[in-house]
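Q: I am new to this structure and would like a close look at one part of it. Please pick a good place to start and walk me through what surrounds it.

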Amino acid sequence: MTELNIVSGFLGSGKTTLIRHLTQRMSSGKRIAVIENDFGEIGLDAELLRQGRVIVSEINSGCVCCSLTGNLRESLSSVLRQYAPDVVFLEPSGVARLSEVRGTLDRLCGVLPLTPGSILTLAAPQRRTAYTVKFSGIYLNQIRNAGIVLPTHTEQLPAAEKEAFVRSLFSMAEGVPVLAEDWREADAERLLSLGAVSSFSCGADLHSRFLSGQSAQFSSVSVALPGRTLEAAVRSFFAAVSSDGGRYGGLLRSKGFFADADGTVKVDFANGETVFERVGMLAEPRLVLIGCGLDKEAISALAAEIFGKTYGK
């Protein structure tokens with residue numbers, strides 16, 4: 001039987017980073033596979049995971065908690081048949097309701113040679129905007145259906161704010177354990193042990209409690225970035241798209257790669273903040289924006305205006 005683990009968390013919480021942390025610290029003798037449910041036209045996170053010793057399978061056409069049960073079964077079956085991994089990590093989209101993911105996997109465990117492992121949910125402080133408030137039910141659903149909650153993105157918070165955030169997670173989690181220490185310093189096997197579950201089944205109350213008011217459709221827009229560009233241009237682009245005027249729609253998250261004079265840079269935009277990380281790999285220069293009501297034509301025109309001034313320099 002193959003152990004199946006879920007790494008969950010809202011948009012921008014760092015799920016791929018956690019999976020890299022876990023897979024790099026697990027026994028070198030284990031065969032590890034990752035099923036990456038990226039929300040967008042291309043799977044950017046999979047490019048990073050492939051730099052390690054893991055097998056990566058992608059589902060990019062939507063969210064596994066919605067209409068892709070067949071796709072997930074096909075992907076799992078293919079990975080099990082071709083690679084016979086000891087461990088599989090599933091990373092659902094950041095907008096997935098974890099209760100529905102658990103329900104899907106509970107059914108699949110009855111027909112595939114899989115055994116429940118752990119459910120780790122990352123929870124980052126959320127800046128209060130109209131969109132984060134609107135989708136707070138998804139955030140809570142992910143927390144309350146976890147095996148363990150891992151606070152993240154707290155390193156820049158003052159001590160008092162960090163303590164208050166962790167206390168709020170204990171309150172929101174309603175009995176689900178919350179890790180008080182920094183998960184980045186924890187051993188992989190210990191994290192998986194702390195988040196272990198005996199079944200993916202969850203009670204009807206957890207499955208339905210946070211579904212009302214969460215019916216808005218998420219969308220994604222892909223922006224190609226030919227040639228070189230500048231960090232300042234990327235910051236300007238995100239500042240414009242995420243402005244309160246709402247001209248471009250409601251941006252919740254963006255990620256991608258761009259090239260500058262020194263190589264490839266990974267960029268993450270979430271919760272109003274942009275983070276840049278230089279990576280030692282080649283990647284297609286591209287941004288994927290995720291949100292609600294995104295205006296593809298307006299965003300593409302803005303990208304041409306901003307990035308067209310910096311390419312090739």
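A: Happy to help! A strand here is a DSSP run of E with at least two residues, and strands are numbered from the N terminus. Keep in mind that this is a predicted model.

Let's start at R253, which sits in strand β8, residues 250–260. Its relative accessibility is 9%, and buried means under 20%, so R253 counts as buried. Look at the end of its side chain next: a polar contact of 2.7 Å links the side chain of R253 to the side chain of D268. Leaving aside neighbours within four places in sequence, R253 is in contact with D268, F269 and A270, with V288, L289 and I290, and also with L11 and G12.

For some wider surroundings, turn to an open sheet. Six strands make up this sheet in the order β3-β2-β4-β1-β5-β6, with parallel pairing. The edges belong to β3 (55–58) and β6 (148–151); each has a single partner strand, so one side of each is left without a neighbour in the sheet. On average, neighbouring strands of this sheet are turned by 20 degrees against each other, direction ignored.

At the β3 edge, the partner is β2 (residues 32–36), and the two pair in the parallel sense over four bridges. To find one of the bridge partners, look at I35, which is matched with S57 in β3. Over at β6, helix α7 (residues 159–173) lies across both β5 (114–123) and β6, and α7 runs at about 165 degrees to β6.

Note on methods:
Residues are numbered from 1 along each chain as its sequence is written. This is a predicted model: local features need pLDDT of at least 70, side-chain atom pairs count only at pLDDT 80 or more; totals for chains, interfaces and linings use all residues. Side-chain values use heavy atoms; hydrogens and water are left out. Two strands pair if DSSP finds at least two bridges between them. Axes are lines fitted to C-alpha atoms, for helices over the stretch in contact, and angles run from 0 to 180 degrees between N-to-C directions. Contact means heavy atoms within 4.5 Å. Buried means under 20% relative accessible area, exposed over 50%, partly exposed in between (1.4 Å probe, protein chains only). A polar contact is a pair of N or O atoms within 3.5 Å; within protein, one must be able to donate a hydrogen and the other to accept it, and residues adjacent in sequence count only if both atoms are side-chain atoms.
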